[in-house]
Amino acid sequence: AAMAARCRLAARFHHIHGANIRLDASHTQATRVESFANGLCFSQEPLAAGQIFLVEIEEKELGWCGHLRVGLTAHDPQSLEVVPEYSLPDLVNMGDTWVFAITRNHNRVVVEGEEVQARGQPWEPFLLIERVRIPRDTLVGRSRPGRYSHILDDLYKMNVLPATARRSRIGVLYAPQPDGTADMHIVINGEDMGPSARGLPTTRPLYAVIDVFASTKSVRVIPVDYGFPSLQTLCRLVIQKHIVHRLAIDGLDLPPLLKSFCQHE
């Protein structure tokens with residue numbers, strides 16, 4: 001319950017961000033309005049151990065090379081005199097920051113002698129990372145996002161939506177280790193890519209880093225319920241049950257923020 005409450009609080013972007021970023025009123029959508037850089041964003045709150053910060057790619061922009069970059073930083077965004085232009089290499093060069101560019105084949109750090117464990121099947125209901133169980137349904141991008149009948153979507157069932165495609169869902173979290181450090185994991189459409197970085201400090205708050213870079217133009221934070229669904233989540237499910245297409249929600253007599261919440265799973 002505590003994890004669920006904290007996740008709902010942190011499922012927003014920090015008000016400190018890159019010069020070319022514009023946030024919507026709910027601070028859940030970040031759009032780069034100019035150029036291809038200065039698109040750095042942070043989670044509103046530090047993440048708890050095992051808490052995933054999940055975003056969905058909402059809009060792409062042709063003509064640029066490179067894609068979304070994600071990771072973690074021990075720097076409080078509020079303490080930055082100037083938000084760096086790039087996460088790679090600028091923010092990383094400041095130290096205590098671990099960021100990777102999202103590609104089809106992602107990074108994985110394997111210790112010598114360690115066996116690579118088989119990943120769970122995409123239809124399993126929960127993604128297990130260390131001791132954390134995350135509902136997989138929320139983590140997987142929909143190739144047909146207009147409709148809620150995604151159980152009929154072949155791409156959803158096969159989990160083959162490209163990592164950098166529109167509607168792809170990317171998440172980052174850290175898992176504590178017995179030696180007092182943590183491993184950073186990146187999750188792409190419900191699949192754990194394994195440890196992307198090891199030895200992260202757990203004695204300092206760690207913020208999610210989302211760099212809306214180059215061909216990625218806009219992303220939205222997707223809230224993840226770990227425990228019992230919140231009242232607002234239950235209300236959203238009831239509304240979605242009676243709506244065939246999410247565009248129909250615009251015509252409902254609901255407050256704008258509630259419409260936005262209902263339109264995004």
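## Contacts of V55

Leaving aside neighbours within four places in sequence, V55 contacts ten positions that can be read off one by one: F13, L68, S168, R169, I170, I210, V219, R220, V221 and I222. The structure is a predicted model.

V55 also belongs to the largest nonpolar core. There it is among the residues that touch the most other members.

## The largest nonpolar core

This core has 33 residues. Which of them touch the most other members? They are F13, F53, V55, M184, I186, I210 and V219. In soluble globular proteins, nonpolar side chains tend to be buried together.

Several strands each supply at least two residues of this core. They are β4 (53-60), β5 (69-73), β6 (97-101), β9 (169-176), β10 (181-188), β11 (191-201), β12 (207-211) and β13 (216-221). Which strand gives the largest share? That strand is β10, with four residues.

## A second core

A separate core of twelve residues is also present. Its members include L54, I129, I134 and Y226.

## T97 in strand β6

T97 sits in strand β6. Is T97 buried or exposed? Its relative accessibility is 6%. The cut-off for buried is under 20%, so T97 counts as buried.

The T97 side chain makes a polar contact with the side chain of T73, at 2.8 Å. Beyond four places in sequence, T97 touches L72, T73, H75, L91 and V92. T73 therefore appears both as a polar partner and in this list of residues touched by T97, with buried status for T97 itself resting on its 6% relative accessibility.

## Cysteines

How many disulfides does a search of the whole structure find? The count is zero.

Two cysteines sit in opposite classes. C41 has 1% relative accessibility, so it counts as buried. C65 has 73% relative accessibility. Exposed means over 50%, so C65 counts as exposed.

## The whole protein

The protein has 265 residues, and 52% of them count as buried. Its secondary structure comprises six helices and 13 strands.

Take the contacts with a separation of 6 or more. Residues 24 or more positions apart account for 68% of them. The exposed surface is about 12,900 Å². Carbon and sulfur atoms supply 56% of that area.

Technical notes
Residues numbered from 1 in each chain as written. Predicted model: local features only at pLDDT ≥ 70, side-chain atom pairs only at ≥ 80, totals over all residues. Heavy atoms only, no water. Core = buried A, V, L, I, M, F, W, Y, C linked by side-chain atoms within 4.5 Å. Buried < 20%, exposed > 50% of the residue type's maximum accessible area, 1.4 Å probe, protein only. Contact = heavy atoms within 4.5 Å. Disulfide = S-S within 2.5 Å. Polar contact = N/O pair within 3.5 Å; in protein donor to acceptor, adjacent residues only side chain to side chain. Areas by Shrake-Rupley, 256 points an atom, 1.4 Å probe, with all protein chains shown as cover.
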